[in-house]
Amino acid sequence: MKFIDNVLITVVSGNGGKGAVSFRRERFIPKGGPDGGEGGDGGDAIITADHNVLSLLDFRYKPKYPAENGKNGQGANKKGRNGRALNIKVPVGTSIIDFETKEIIADLTKDHEQFIICKGGRGGKGNAFFKSSTNRRPRFSQPGMPGETKKIYLVLKSIGDIGIIGLPNAGKSTLISKLSQSHPEISSYPFTTKSPNLGVSVDEETGKSFVIVDIPGIMEGASNGYGLGLIFLKHIERAKILLHLIEIGKPDEIINKFNTVISEINKFNSDILTKKQIVVVNKIDTIKNKKEYAGIKNKVSEHLKSLDIELLFISAAEGSGIDELKEKLKLLVDY
Ligand SMILES: Nc1nc2c(ncn2[C@@H]2O[C@H](COP(=O)(O)OP(=O)(O)OP(=O)(O)O)[C@@H](O)[C@H]2O)c(=O)[nH]1
Ligand SMILES: [Mg+2]
């Protein structure tokens, strides 16, 4: 899935319908009174966060979103039909920013959260409304009020429940491909991933799902712009959980790698580190010696226990530990 993190669109609410000018015409009533009905209201333009929408990509191909106009009023006091509201569905975690003022109009952080961007124009009154003792046969009605037009940016900060962080080449993309239907590029050189990948992990029993974000690798000095820098961290700012993936090696190496990534993130935005974390050591298939493996496990768990961080060992490539990891993530996401 190609990752687009902002789009510019134009949203238009519907115009109100015109009020009718009409007079009652019935047999034996030669000069019936006014009976022009009012126009229907224009449809509102509404933006709704929806967890089924994962990307802003579709908005690239369709820049304008008009709601329906209200219908004109009719004779016999018939009100025109209201215009249908336009409901634009965006990913959870979308901010709406006014193109003119650059102000944030709304931040849709929860599923089903809605915001009316443009109110539809009200329908005009028909001539029946204007009947009075001094003007019993008004020959005028109101036009409908015009709808509003707004140019807005949709900006996606994050839509992930789980953000995968780690050094380049740790196996992040391999892991997301095992946890979800996502098929990102995987390769043995660093910085294979150049923009975030999204995956949805669906629990076959309950049908519930969570979204995982795989961002480009973070290297030492990233906060000074090395590698791909840290700009992609904004995509996990709203993730609930950090999954820190580390390639297996000597215990000290694992702990050093852990510290490197944490210290770079800390320089970017230390709030990110207040999230729940789980450390996952990957590529355990490369350590064949059982004693050596047990030693690594012990040392690393000891270290992370003191930090109160959960730890798991897996092989993303061969699949060992993946089921256990899925179970753990389900609990952590807490649905
Ligand atoms: N032996 C072994 N190799 C693995 C495992 N998981 C991933 N790899 C390999 O590690 C290399 C890097 O994997 P990626 O999934 O592309 O790693 P990444 O963290 O997404 O890398 P960047 O996007 O470059 O940061 C690839 O050659 C993978 O095949 C594993 O469990 N065992
Ligand atoms: Mg990758």
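These exercises work through a sheet, a ligand shell, two cores and two loop residues of a predicted model.

Residues are numbered from 1 along each chain as its sequence is written, and chains are lettered from A and ligands numbered from 1 in the order in which they are written. In this predicted model, local features need pLDDT of at least 70, side-chain atom pairs count only at pLDDT 80 or more, and totals for chains, interfaces and linings use all residues.

**Exercise 1. The open sheet**

Work out the strand order of the open sheet of 5 strands, then name its edge strands.

Solution.
- Start with the terms. Helices (H or I, at least four residues) and strands (E, at least two) are DSSP runs, numbered from the N terminus. Two strands pair if DSSP finds at least two bridges between them.
- Read off the order: E3-E1-E8-E5-E6, with mixed pairing.
- The edges are strand E3 (64-66) and strand E6 (104-108), each pairing on one side only.
- On average, neighbouring strands of this sheet are turned by 25 degrees against each other, direction ignored. Here axes are lines fitted to C-alpha atoms, for helices over the stretch in contact, and angles run from 0 to 180 degrees between N-to-C directions.

**Exercise 2. Partners of E8 and E5**

Find the strands that pair with E8 (residues 149-156) in the antiparallel sense, and match residues across the bridges.

Solution.
- Take E1 (residues 6-12). It pairs antiparallel with E8 over 7 bridges.
- Match residues: Thr 10 has Lys 151 as its bridge partner in E8. Val 7 stands opposite Leu 154 of E8.
- Now take E5 (residues 94-98). E5 and E8 are antiparallel, with 5 bridges. Ile 96 has Leu 154 as its bridge partner.
- Move on to E6. E5 and E6 run antiparallel and are joined by 4 bridges. Thr 94 stands opposite Leu 108 in E6.
- E5 and E6 form a hairpin with 5 residues between them. In the turn, Lys 102 has a positive phi of about 65 degrees.

**Exercise 3. The ligand shell**

Describe the residues around ligand 1.

Solution.
- Count first: 24 residues surround ligand 1. A residue is near a molecule or strand if its C-beta atom, placed from the backbone, lies within 6 Å of it.
- Gly 171, Ser 173, Thr 193, Gly 217 and Ala 317 come nearest.
- Sort by type: 8 nonpolar, 13 polar and 3 charged. Ala, Val, Leu, Ile, Met, Phe, Trp, Tyr, Cys and Pro count as nonpolar, Asp, Glu, Lys and Arg as charged, and the others, Gly among them, as polar.
- Helix H1 (residues 172-179) gives the most to this shell, with 3 residues.

**Exercise 4. Two loop residues**

Place Asn 169 and Phe 191, and state their exposure.

Solution.
- Asn 169 lies in the loop between strand E9 (162-165) and H1. Its phi is near 75 degrees, positive in a residue other than glycine.
- Phe 191 is in the loop between H1 and strand E10 (197-202). Its phi is near 65 degrees, also positive.
- Set the rule: a residue is buried if 20 or more other C-beta atoms lie within 10 Å of its own, exposed if 12 or fewer, and partly exposed in between, with C-beta atoms placed from the backbone.
- Asn 169 has 18 C-beta neighbours inside 10 Å, so Asn 169 counts as partly exposed.
- Phe 191 has 13 other C-beta atoms within 10 Å, so Phe 191 is partly exposed.
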